[in-house]
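Please walk with me through the chains of this complex, selecting one part at a time in your viewer and pausing at each to see what is there.

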Amino acid sequence: METLTGLVLIFISAALINNFVLHYFVGICPFLGVSRRVDTAFGMGCAVTFVISIAALLNWTLTYFVLRPEAPVPAWAWRVAGGDPARELDLSVLSYIVYIFVIAASVQFVEMYVRRFFPALYRSFGVYLPLITTNCAILFASLEIMKQLQDPTRLWGLHQALGLAVGGGLGFTLAIALMAGIREELDLCDVPVPLKGAGIALIVAGIMAMAFMGFTGVERGVETALAALAAR
Amino acid sequence: MGEAPRRAGYLAQAWLVVVLALLYGGGLAAVETLVGGRIAENRRQETYAAIPYLVPGADPGHTGELLLVGDDGRETKVYQAVGPAGEHLGWVVPASGQGFGGAIEVLVGLDAELGTITGLYVLEQRETPGLGDHIRGDAFRSQFRGRPAEVPLSVVKLEAEAEHEIRAITGATISSESVANIVNQALANLRGPLARQAGGGG
Amino acid sequence: MRHEGPTALERFVNGVLPENPVYRQLLGMCPTLAVTGAMKPAMTMAAATAFVLISANLLVSAIRGLLKPHLRILVFTLTIATFVTVADRFLAAYMYEMSKQLGPYVPLIIVNCVIISRCEICASKQGVGVALADALGMSLGFALALASIATVREILGSASWFGLPVLPASWPGWGIMVLPPGAFVTLGLLLGTAEWASKRRATTGIWATVRGLWSWRR
């Protein structure tokens, strides 16, 4: 039950309270660039969620077994190679390189998959699909997972990493779809010329961020509610 | 163009990537050797530098580290505060929990008899700037000094009268209550194992 | 013999204002919004980005003859990721508090589109001197952009600049400026201002004069 509570909290936190776009400022480029129409925006959101989940899965596995301090695989390799038992082999300095390569590979894989099974969607995405590699949100999710794998007494399991990834991706989708809906309306409004395009989009994003700030404190409420539920 | 020459072409192109990867890997290993020790020291200092504040008279250089299993079944690293002459002065216990805006991580100082809280230090917090983040300030934290460690602390909005009452920060009641809850939970969880450690162990 | 493409001086000047990475190209938004709550983290981030941009541009330019079209993005990414790791490690070693404050945004320099785009547009095609000038110009432009936003947010939000108080104590301090909404709105309004200024005849007139003077000197 405690695992489930924790998982729900991680998910809600990533999706709403600490929304990737509106609180952590990651994924801004597609947020501004692909949010003109709701259907494209929603498609982009789903693609990003898909890639984030795959990347989180692969990166968690690599970090847990190889890249964190006191990881089992380097420890075994060190022992087998006859290294000094007082010291350990810490491969965490290679983390960022590994993460970005895994992300690039994930995007490549998703691109092949979408091209094979959803050719119309592939054509409508155009150049934006490979650009998901430079989407900060995916690397950010991997970095957050890495942060939670540093303390050997409190390691995140795969379920928590995926909870963060899927929650973050869905939060991104929500934010980008909302922005697209608002921008579709803005097209019909009389926006001052200097602010047209990115300027007004950012101001709208600021108001959305203010609205999402209303979710602060929800974590505590959910935790209390779930604890009460578990006690019954 | 046949299949074989194209594949050979890709292989030839890939050698640059491989060479670069090896060079970069070597470079990063050098950087890690150069500054890795300093980073680890910085991380330790984060906690150790606060120990003389948390347990007055303690010498950070002599601090001992222990891994204890709390009553909730999970491991926690606790620090044994030791004076310059080697005498056991108290404990420093990390604690964390949910605050208003996010997770709060604190260090709680205890005396050797586990009867009094000797100090509180906030490591990480994401409370509202200007309101909740006053939990980092001395005015709030100094209230914890001298409080009983065996009775759960409670937070009141007006004057704190009883020994176990802490006065909340104006406009940040939830943040204040969160800190008190985190301290209470950590003490309840680790009091037993700490007492057994002090009594039975070396 | 004339070099292909813009000269070093042109690259440098371009990067500062006319093709400013944030205000004109709309790249590198993530750190621009995230670390500009105060001047100190903003300038640290600008310095880290400058280090990565300059190093990556120099290295890519030096090996540009060996780059094959299919794998060049891979090489760029590998190079940038390495230099970012170096910057992150040195920050954690020598400026630990600042490193913690900047948090995940230093490794996010890897996906900062400014750096990859400069490698692609300039460093992979032109010599080391031009690439260096380009990197310096873009870094300066990025730093100016970050400084402008951080100044507004820190003065209005915390009544300070670089941590020093600049407004009288009676200023209430608009906390919202330090939080996410303030970041978005500040950048949006400043973008609008930059857009407005670039279209004014005074600005275009000044640029035309300056460019005329340069071509006269050459």
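The tour goes from one interface to the enclosed spaces and then to a second interface.

Keep in mind throughout that this is a predicted model.

**First stop: chain A against chain C**

Begin by selecting chain A and chain C together, where 34 residues of chain A are in contact with 34 residues of chain C. Between them the two chains bury about 3000 Å², and 85% of that area lies on carbon and sulfur atoms. Now highlight F25(A), Y96(A) and L202(A), because these three supply 23% of the area that chain A buries against chain C, a share that exceeds that of any other three residues.

Next, colour chain A by helix and look at the side that touches chain C, to which α2 (28-33), α5 (95-117), α7 (136-147) and α9 (198-213) of chain A each give two or more residues. Which of these elements gives the most? It is α9(A), with nine residues on that side. If you recolour the same side of chain A by residue class, you will find 26 nonpolar residues, seven polar ones and one charged.

How many salt bridges does the rule find across this interface? Between chain A and chain C there are zero, while the count of residue pairs in polar contact, with both residues at pLDDT 80 or more, is two.

**Second stop: the enclosed spaces**

Rolling a probe the size of a water molecule over the atoms shows where empty space is left. In this model the count comes to three cavities of 30 Å³ or more, and the largest of them has a volume of about 40 Å³.

To find the largest cavity, select C29(A), T134(A) and C136(A) from chain A, then add G28(C), M29(C), C30(C), P31(C), L108(C), V111(C), N112(C) and C113(C) from chain C, which together line the space. Helix α2 (residues 29-34) of chain C gives the most to this lining, with three residues. By class, the lining of the largest cavity divides into eight nonpolar and three polar residues, with no charged residue among them.

Move on to the second largest cavity, which holds about 40 Å³ of space, and select its lining of L16(A), I17(A), L22(A), H23(A), A209(A), F212(A) and M213(A). Both α1 (2-17) and α9 of chain A supply at least two residues of this lining, and the largest share, three residues, comes from α9(A). You have therefore met α9(A) before, since "α9" denotes a helix numbered from the N terminus and this helix also gives the most to the side of chain A that touches chain C. The lining of the second largest cavity has six nonpolar residues, one polar residue and no charged ones.

**Third stop: chain B against chain C**

Finally, select chain B together with chain C, a contact that takes 20 residues from chain B and 22 residues from chain C. The pair buries about 2100 Å², of which 75% is on carbon and sulfur atoms.

Here the count of salt bridges between chain B and chain C is three, and one to display is that of E32(B) with R89(C), whose closest N and O atoms are 3.5 Å apart. Across this interface the rule also finds seven residue pairs in polar contact, both residues being at pLDDT 80 or more.

To end, select helix α1 (residues 3-48) of chain B, which gives the most to the side of chain B that touches chain C, with 18 residues. By class, that side of chain B has 13 nonpolar, two polar and five charged residues.

Key
Residues numbered from 1 in each chain as written. Chains lettered and ligands numbered in written order. Predicted model: local features only at pLDDT ≥ 70, side-chain atom pairs only at ≥ 80, totals over all residues. Heavy atoms only, no water. Contact = heavy atoms within 4.5 Å. Buried area = accessible area lost by both parts, 1.4 Å probe. Salt bridge = Lys/Arg side-chain N within 4 Å of Asp/Glu carboxyl O. Polar contact = N/O pair within 3.5 Å; in protein donor to acceptor, adjacent residues only side chain to side chain. Helix = DSSP H or I, 4+ residues; strand = E, 2+ residues; numbered from the N terminus. Nonpolar A, V, L, I, M, F, W, Y, C, P; charged D, E, K, R; others polar. 1 Å grid on protein atoms, 1.4 Å probe; cavity = no way out; pocket = protein on both sides within 12 Å on 5 of 7 lines; lining within 4 Å. Points joined across faces, edges and corners; volume = space filled by probe spheres on them.
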